[in-house]
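Work through the exercises below with the sequence and the three-dimensional view side by side. Try each task before you read its solution.

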Amino acid sequence: MTGWMLLVVSIALVAILIFWPKQKKSKPMPVSWQQLLLQHLHFYRHLSEAEQKLFEKRVMDFLQYVQIHPVKTTLTDLDKILIASSAIIPIWGFPNWHYYNLKHILLYPNAFEEKTFQIEGMNRDVLGMVGTGTLNQMMILSQKALREGFMNEHSKSNTAIHEFVHLLDKADGATDGIPENLLEKPYILPWVQLMHQTIQEMQAGQSDINIYGTTNPAEFLAVVSEYFFSQPHLLQQHHPQLYALLEKTFRQNPAQLLQTSDQ
């Protein structure tokens, strides 16, 4: 390489270093937020000290690239913590996961109407949804449902985790209940077979899984994922095959996490 070419390359490298967009550094989590995590998230409480620090960092990173907009309500620190934690818990086994298909979250005070998104009047029965079309890269959550999902530690439901699982399902281009970006290929067919078998059992009234999961395969995945993260021991006891495949899907074992930390 000649001297002038070396000079040109050097100048170009300097320019890249100067003008290349820098990734925002996540801010340290306030101590008051750490206390909120300890108080409201059993998942966080059962992590090791080092894992808790990593969880905090991932929560703060998430809040750097996703904006939360309150609609006719007040956005509190607790809401921010619960929303970000709902995003991180399902991808805890995927350290480098980034929600590229999400930029904005609308936080409504309560349930809303599915087509008009109204929070007043009749037919308000939706607690959360992932937007499509003009609402692409957007999520809507009920503040009340968000909080209830973490306040009741005996519940199998968590609306926010449900919606983030929809996003994970959607990441491969199809919201079809088959999370191909998460689940290794050898397990896809067993998952599909077990999903249809379990839906038949639910429809026959032979299951404790929320019947809403029979709506379609996408809702089945979201519903059983709520169960997996909210009551892992119960799911493992009642549905061992389902639990095993969800363990492979999310690359984590929440039942073991709780058992190990309690010893």
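Helices (H or I, at least four residues) and strands (E, at least two) are DSSP runs, numbered from the N terminus. This is a predicted model, in which local features need pLDDT of at least 70 and side-chain atom pairs count only at pLDDT 80 or more, while totals for chains, interfaces and linings use all residues. Residues are numbered from 1 along each chain as its sequence is written, and side-chain values use heavy atoms, with hydrogens and water left out.

**Exercise 1. Describe helix α11 and the residue that comes just after it.**

Solution. Begin just after α11, where Arg251 takes a positive phi of about 55°. Next, go back into the helix, residues 240-250, and find the buried positions (under 20% relative accessible area, with exposed meaning over 50% and partly exposed in between, for a 1.4 Å probe and protein chains only). Leu242, Tyr243, Leu245, Leu246, Thr249 and Phe250 are buried in α11. These residues lie on the same side of α11, because they cover an arc of only 165° around the axis, the arc being that of the directions from the helix axis to the C-beta atoms. Finally, turn to the other side of α11, where Pro240 and Gln241 are exposed.

**Exercise 2. Find the order of the strands in the open sheet, and say which helices lie across them.**

Solution. Two strands pair if DSSP finds at least two bridges between them. With that rule, the open sheet of four strands reads β1-β2-β6-β5, and its pairing is mixed. The edge strands, which each pair on one side only, are β1 (67-70) and β5 (128-130). Now look at β5 and β6 (residues 138-142), which are joined in the antiparallel sense over three bridges; Val130 stands opposite Met139 in β6.

For the helices, contact means heavy atoms within 4.5 Å, and axes are lines fitted to C-alpha atoms, for helices over the stretch in contact, with angles that run from 0 to 180 degrees between N-to-C directions. Helix α6 (residues 143-151) lies across β2 (104-108) and β6, and runs at about 70° to β6. Helix α7 (residues 159-170), in turn, lies across β2, β5 and β6, and its direction is at about 15° to β5.

**Exercise 3. How many salt bridges does the structure hold, and which parts does the one between Arg147 and Asp79 tie together?**

Solution. Side chains of opposite charge can pair when their charged atoms come close. A salt bridge is counted when a side-chain nitrogen of Lys or Arg is within 4 Å of a carboxyl oxygen of Asp or Glu, and the structure holds five of them.

Take Lys57 and Asp61 to begin, whose closest N and O atoms are 2.8 Å apart. Both residues lie in helix α4 (residues 49-65), four residues apart, about one turn of the helix. Lys57 is partly exposed at 44% relative accessibility, and Asp61 is also partly exposed, at 24%.

Continue with Arg147 and Asp79, which meet in a salt bridge at 2.9 Å, N to O. Since Arg147 lies in helix α6 and Asp79 in helix α5 (residues 77-88), this pair ties together parts that are 68 residues apart in sequence. Arg147 is partly exposed, with a relative accessible area of 27%, whereas Asp79 is buried at 0%.
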